[in-house]
Amino acid sequence: MSNFNPNAQASKDSGIFGLPYSTEEAKLVLLPIPWEATTSYGGGTSLGPQAIFHASKQIDLFDIELGNFFAAGIAMLPESRELQTWNQQARQAALTVIEAAGEHSAEINQALAEVNQYSEKVNTFIYNETKKLLSEHKYVGLVGGDHSCAYAIIQAHVEKYPDMSVLHFDAHADMRDAYEGFEHSHASVMYNVLERTALKKLVQVGIRDFCEEELAVMNQYPERVKTYFDFHLAEKKMQGTAWAKICEKIVANLSTQVYISFDIDGLDPRFCPHTGTPVPGGLDFNEALYLIKLVVKSGRKIIGFDLNEVSPGMVEDVNNLDTASEWDANVGARLLYKLCGWTLQSK
Ligand SMILES: [Mn+2]
């Protein structure tokens with residue numbers, strides 16, 4: 001590590017972002033979760049962590065806003081083989097359920113129960129890993145995988161930081177109760193957070209795809225949930241309200257400790273064309289970064305985060321991505337780097 005030159009090209013055996021730190025040395029540890037059992041539309045997000053790791057090596061470490069923050073140490077844990085196996089097995093069972101399209105038989109119910117059991121196992125894995133790292137005074141960032149992975153890391157953080165808020169970037173409200181019968185569907189993650197954790201405040205940004213039932217859930221908790229719908233944000237901007245002013249209002253909802261749950265599809269789909277459920281509209285890359293920066297500039301502390309639903313598309317080998325596929329991971333890696341930076345910079 002003493003010979004590490006941040007301006008040189010990343011070496012082959014380097015860690016995430018080309019950094020030399022071990023998990024023990026790192027102040028911020030990234031937890032890769034290759035999980036997408038309940039993905040309902042486009043697949044591939046279980047390859048997200050590997051693709052982001054691969055793409056992260058091309059990033060210039062110096063950051064004009066954040067300086068050389070990486071010196072605090074950032075490392076990504078290796079992917080769990082066990083998780084990879086669970087993902088494949090649960091995915092097979094989930095396809096049986098999804099293809100049945102709401103029909104029920106003993107076989108389908110059995111498959112559904114199997115998926116739900118695997119989801120519980122994944123949640124337990126994420127919860128235990130997060131608890132362990134938090135007890136070692138590390139910051140934890142989860143790299144998904146589908147958005148269902150966020151549930152257990154949020155739960156672990158709420159236990160440590162009972163007054164924290166969640167800032168949630170997404171195209172979808174994720175307020176469905178057991179979507180397609182899956183208790184831990186990617187489309188249910190914030191429903192589960194509200195129903196099963198003691199989180200006091202959820203602030204959603206960029207939401208533009210949801211059903212009436214989901215809106216009812218959001219309205220059920222007027223004090224706990226504040227949603228900034230994408231159409232409304234876009235309208236404000238078209239009418240001449242500065243994004244900076246809008247961000248000030250959004251940030252004012254947050255308590256002093258902030259956890260960020262970032263579904264990449266909250267961005268305009270041109271930044272994530274292969275993500276599972278893209279929706280037109282959404283935030284510009286720099287708008288999202290400005291909002292995150294303002295959280296810190298307002299004196300708040302980012303205490304953890306997840307980045308989900310980055311997908312290189314259905315590729316066989318993430319070490320041989322074509323340019324079109326690498327784009328999603330490239331954006332994901334750069335967003336991840338900024339999330340790490342603002343987390344390490346905020347006091
Ligand atoms: Mn989501």
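The exercises below work through helix packing, burial and backbone geometry in one predicted model.

Residue numbers start from 1 along each chain as its sequence is written. Because the model is predicted, local features need pLDDT of at least 70 and side-chain atom pairs count only at pLDDT 80 or more, while totals for chains, interfaces and linings use all residues.

**Exercise 1. Describe how helix α1 is placed against helix α10, and which residues make the contact.**

Step 1. Helices here are DSSP runs of H or I with at least four residues, strands are runs of E with at least two, and both are numbered from the N terminus. Two packed helices are described by the angle between their axes and the distance between the axes.

Step 2. The axes of α1 (residues 48–56) and α10 (residues 323–345) come within 8 Å and cross at roughly 75°, where axes are lines fitted to C-alpha atoms, for helices over the stretch in contact, and angles run from 0 to 180 degrees between N-to-C directions. That angle makes α1 roughly perpendicular to α10 (under 35 degrees counts as roughly parallel, over 145 as roughly antiparallel, 65 to 115 as roughly perpendicular, and the rest as oblique).

Step 3. With contact meaning C-beta atoms, placed from the backbone, within 7 Å, α1 contributes G48, A51, I52, H54, A55 and S56, and α10 contributes E326, A329, N330, G332, A333 and L336.

**Exercise 2. Determine which residues of α2 are buried and how they are arranged around its axis.**

Step 1. Helix α2 (residues 81–100) has 20 residues and reaches 29 Å from its first C-alpha to its last, close to the 28 Å expected at 1.5 Å a residue (the expected span is 1.5 Å times one less than the number of residues).

Step 2. A residue is buried if 20 or more other C-beta atoms lie within 10 Å of its own, exposed if 12 or fewer, and partly exposed in between. The buried residues of α2 are L83, W86, N87, A90, A93, A94 and V97. They cover an arc of only 150° around the axis, which puts them on the same side of α2, the arc being that of the directions from the helix axis to the C-beta atoms.

Step 3. On the other side of α2, R81, T85, Q88 and E99 are exposed, whereas the cover over its buried residues includes β1 (28–33) and α3 (106–135). Just after α2, A101 takes a positive phi of about 45°.

**Exercise 3. Establish the surroundings of F262 and of A26.**

Step 1. F262 is found in strand β7 (residues 257–263) and counts as buried, with 28 C-beta neighbours inside 10 Å. Beyond its neighbours within four places in sequence, F262 is in contact with F169, F305, D306, L307, N308, L335 and L339.

Step 2. A26, in the segment before β1, is buried with 22 other C-beta atoms within 10 Å. Under the same exclusion of neighbours within four places, A26 is in contact with Y21, G73, I74, A75 and K138. A26 and Y139 are 113 residues apart in sequence and 9.1 Å apart in space, C-alpha to C-alpha.

**Exercise 4. Locate the cis peptide bond from G144 to G145 and characterise the backbone at D174 and E309.**

Step 1. The cis bond from G144 to G145 has omega near 20°, and G145 sits in the loop between β3 (139–144) and α4 (150–160).

Step 2. D174, in the loop between β4 (165–169) and α5 (189–196), has a positive phi near 55° and counts as buried, with 29 C-beta neighbours inside 10 Å.

Step 3. E309, in the loop between β8 (301–308) and α10, has a positive phi near 70° and counts as buried, with 32 C-beta neighbours inside 10 Å.

Terms used
Contact = placed C-beta atoms within 7 Å.
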